[in-house]
Every structure is written in C-alpha cells, then in structure tokens.
Amino acid sequence: MTSAAAVRIGVPVGATITQGGVNSGLLLADGNTVCDDSFSDNAAAAICREMGFLHEGVSWNSGSEWDIQDNYNIGLDNVDCSSTYWSSCTYSTSHNCAHSEDIFLACKIIGNNINSQSQY
C-alpha cells in the first residue's frame, strides 16, 4: 500500500461545478480511474476535501456509466481512509478491477463563487 500524498486528484471528468457543488463525475487520480474496492464515505470525503470542496454531504457510486471509461486505465485500488483527510488514506496502484467498479463522485462547494465547467 502507498500513502496518499503522491496522487494528484482533479475535479471528476464530466462533472459540472456550480454554486451548489459538483455534480457526479468520473473520478480520476493521475489521469486514471479509481476502483471501488475498499472505497468508503471517508474516502469520498477525503478526496472532496483534498480538491478544496466540503467534506460533508458528499456522495459517490460506482459502475460502468459512460463509454469513455474504457479510454482510461484503472490507476488506484483499495483506497482506504481512516478519516476524512487524504493523509489518512492508503491505496494500491495495482488492481484487480474492471471499469464496472469505477468511482463517480459528487462534492459540495465552499462559498458561492464558482460557476464554471472543468475536467481533470
């Protein structure tokens, strides 16, 4: 397992940032998808916090929802967080996953000043 400090996480692909938060999008870490093995509410909250969003009220699901998922490699597996801080997380860069286990993540925003569209 690797410590979480080494991974760059961006706003999920296909997610729209609005005044209310980030709608669900395909989560990428270092340009690769994230598998749902060991993923939890703590992991979702830690990732939202790491991206600068609220760590409360986050939601996530997994599945094969978009055709583009096959265009990415699966980069993280067994993301396990003991708290809502990314520094508490460990993960593996080898996987035993399929894209049907990719994470889709939605975060809530801090403040009211972001209204744009972004992707990692």
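Is Glu-101 buried or exposed? That is a good place to start with this predicted model, and the answer comes in point 1.

1. **Glu-101.** With a relative accessible area of 19%, Glu-101 is buried, because buried here means under 20%. Glu-101 sits in the loop that joins β8 and β9. Beyond its neighbours within four places in sequence, Glu-101 is in contact with Val-34, Cys-35, Asp-36, Asp-37, Ser-62, Gly-63 and Asn-96. Do have a look at those partners in the viewer, two aspartates among them.

2. **Val-34, one of those partners.** Seen from the other side, Val-34 touches Glu-101 along with Leu-27, Ala-29, Phe-39, Leu-76, Val-79, Asp-102 and Ile-103, leaving out residues up to four places away in sequence. Val-34 also belongs to the largest nonpolar core, where it is among the residues that touch the most other members.

3. **The core itself.** The largest nonpolar core has 21 residues, and the members touching the most others are Leu-27, Val-34, Phe-39, Ile-47, Val-79 and Leu-105. At least two core residues come from each of α1 (41–50), β7 (74–81), β8 (89–92) and β9 (103–108). Of these, α1 gives the largest share, with five residues. As background, nonpolar side chains in soluble globular proteins tend to be buried together.

4. **The helix.** Within α1, the buried residues are Ala-43, Ala-44, Ala-45, Ala-46, Ile-47 and Cys-48. What do they pack against? The buried residues of α1 pack against β6 (54–62), β7, β8 and β9. Just after the helix, Gly-52 takes a positive phi of about 95 degrees.

5. **Ser-40 at the start of the helix.** Ser-40 lies in the loop between β5 (32–34) and α1, and it caps the N-terminal end of α1, with a side-chain oxygen 3.3 Å from the backbone nitrogen of Asn-42. Ser-40 counts as partly exposed because its relative accessibility is 23%, between the 20% and 50% cut-offs. Setting aside neighbours within four places in sequence, Ser-40 is in contact with Trp-60 and Cys-81. For Cys-81, the C-alpha to C-alpha distance to Ser-40 is 7.6 Å, although 41 residues separate the two in sequence.

6. **Overall layout.** The protein chain has one helix and 10 strands, in the order β-β-β-β-β-α-β-β-β-β-β from the N terminus. Of contacts between residues at least 6 apart in sequence, 74% join residues at least 24 apart. Among the 120 residues, 43% count as buried. The accessible surface is about 5,800 Å², and 42% of that belongs to carbon and sulfur atoms.

7. **Confidence.** How many of the residues reach a pLDDT of 70 or more? The figure is 72%, and the chain mean is 80. By element, β7 has the highest mean pLDDT, at 94, while strand β10 (residues 116–117) has the lowest, at 34. Over residues 112–120, pLDDT stays under 50, and the model has 26 contacts beyond four places in sequence for this stretch. Please keep those values in view when you read the C-terminal strand β10, with its mean pLDDT of 34.

Conventions:
Residues are numbered from 1 along each chain as its sequence is written. Side-chain values use heavy atoms; hydrogens and water are left out. A nonpolar core is a set of buried Ala, Val, Leu, Ile, Met, Phe, Trp, Tyr and Cys residues joined through side-chain atoms within 4.5 Å. Buried means under 20% relative accessible area, exposed over 50%, partly exposed in between (1.4 Å probe, protein chains only). Helices (H or I, at least four residues) and strands (E, at least two) are DSSP runs, numbered from the N terminus. Contact means heavy atoms within 4.5 Å. pLDDT is the predictor's confidence in each residue, from 0 to 100. A polar contact is a pair of N or O atoms within 3.5 Å; within protein, one must be able to donate a hydrogen and the other to accept it, and residues adjacent in sequence count only if both atoms are side-chain atoms. Accessible areas come from the Shrake-Rupley method with a 1.4 Å probe; for residues, only the protein chains shown count as cover.
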